[in-house]
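User: Please take a close look at a single part of this model and describe how it is built into its surroundings.

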Amino acid sequence: MARNSYPVGAHLEGDRLLRQAQSLGADCVQIFLSSPQSWKATPPHPEARGLRDSKRGVYVHAPYLINVCSPRSNVRYGSRKILRQTCEAAATVGARALIVHPGHAEDGIEEGVGRWARTLEMLESPVPVYLENTAGGENAVARRFDALAKLWDAVAGAKTDVEIGFCFDTCHAHAAGEELGDAVERARAITGRLDLLHVNDSRDPPGTGADRHANIGKGTIDPDVLRHMIRAAKAPAVVETPRKPEDLRADIAFVRDALGQA
């Protein structure tokens with residue numbers, strides 16, 4: 001890989017993940033280790049050894065149901081348990097990090113971010129945990145950037161040994177109604193870092209809160225704005241777009257072209 005370049009890959013599902021990645025020319029892959037809508041414990045991954053030994057970077061996305069900032073104790077405790085189990089499972093595939101949606105708190109953002117700090121103080125994880133900006137939801141603790149700032153203050157002050165990072169999603173910022181022209185720069189000013197970029201177009205207009213990804217150039221985000229965000233991020237990038245192979249190849253090529261790596 002050329003100096004000052006960044007890995008570019010895709011979120012993949014199914015089997016023969018490394019073969020899929022090779023076919024797409026992906027430098028890295030992002031995967032689920034269990035159903036994203038399930039509370040069931042993460043089972044051993046059948047390709048764990050190959051993924052762990054591969055030179056391609058592996059990222060794991062946590063189940064969507066995780067919501068450690070919920071005021072409901074059964075949701076919060078269950079979320080903490082699945083988060084811990086998924087972190088442990090991510091290590092078995094050699095994951096560079098676990099990406100998780102921070103969730104929402106029905107009783108207010110301030111209460112929710114406090115529960116995230118408490119969660120991190122209880123959590124032991126062999127892999128870094130990347131918090132991701134989210135698309136919608138009332139009292140979401142990482143939807144709008146003012147809420148993200150409160151979340152980051154809380155997690156930065158948590159007494160934890162877990163390495164915390166930040167994942168920026170272009171579609172989520174669009175859905176949240178944030179101005180995209182300087183969104184990456186404003187997010188980095190809050191978090192102090194940007195460890196991973198999710199490059200996604202959006203099927204819906206801005207501000208709708210709808211998390212519906214589209215292939216690049218087939219949605220409602222200006223491609224030139226996406227190019228700017230890719231360049232400004234200066235981070236590894238993963239496309240989470242609809243997974244027809246020819247479309248994924250085109251999306252990966254778009255990111256590489258924006259980075260000057262084509």
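Analyst: The account below concerns one helix and then a pair of helices that includes one of its neighbours. The model is predicted, so local features need pLDDT of at least 70 and side-chain atom pairs count only at pLDDT 80 or more, while totals for chains, interfaces and linings use all residues. Residues are numbered from 1 along each chain as its sequence is written, and side-chain values use heavy atoms, with hydrogens and water left out.

Helix α8 spans residues 223-233; helices here are DSSP runs of H or I with at least four residues, strands runs of E with at least two, numbered from the N terminus. Asp222 caps the N-terminal end of α8, with a side-chain oxygen 2.8 Å from the backbone nitrogen of Asp224. After the helix comes Lys234, which has a positive phi, near 50°. Within α8, Leu226, Met229, Ile230, Ala232 and Ala233 are buried (under 20% relative accessible area, with a 1.4 Å probe and protein chains only). The elements against which these buried residues pack include α6 (170-176), α7 and α9 (245-258).

Helix α7 (residues 183-191) also packs with α5 (residues 145-156), at an angle of about 25° and with axes 9 Å apart. The two are therefore roughly parallel, a term for angles under 35 degrees. Phe145, Leu148, Ala149 and Trp152 of α5 meet Ala183, Arg186, Ala187, Ile190 and Thr191 of α7, where contact means heavy atoms within 4.5 Å. By class, 7 nonpolar, 1 polar and 1 charged residues form this contact; Ala, Val, Leu, Ile, Met, Phe, Trp, Tyr, Cys and Pro count as nonpolar, Asp, Glu, Lys and Arg as charged, and the others as polar.

Definitions and conventions. Axes fitted to C-alpha atoms, helices over the stretch in contact; angles between N-to-C directions. Parallel < 35°, antiparallel > 145°, perpendicular 65-115°, else oblique. Buried < 20%, exposed > 50% of the residue type's maximum accessible area, 1.4 Å probe, protein only. Polar contact = N/O pair within 3.5 Å; in protein donor to acceptor, adjacent residues only side chain to side chain.
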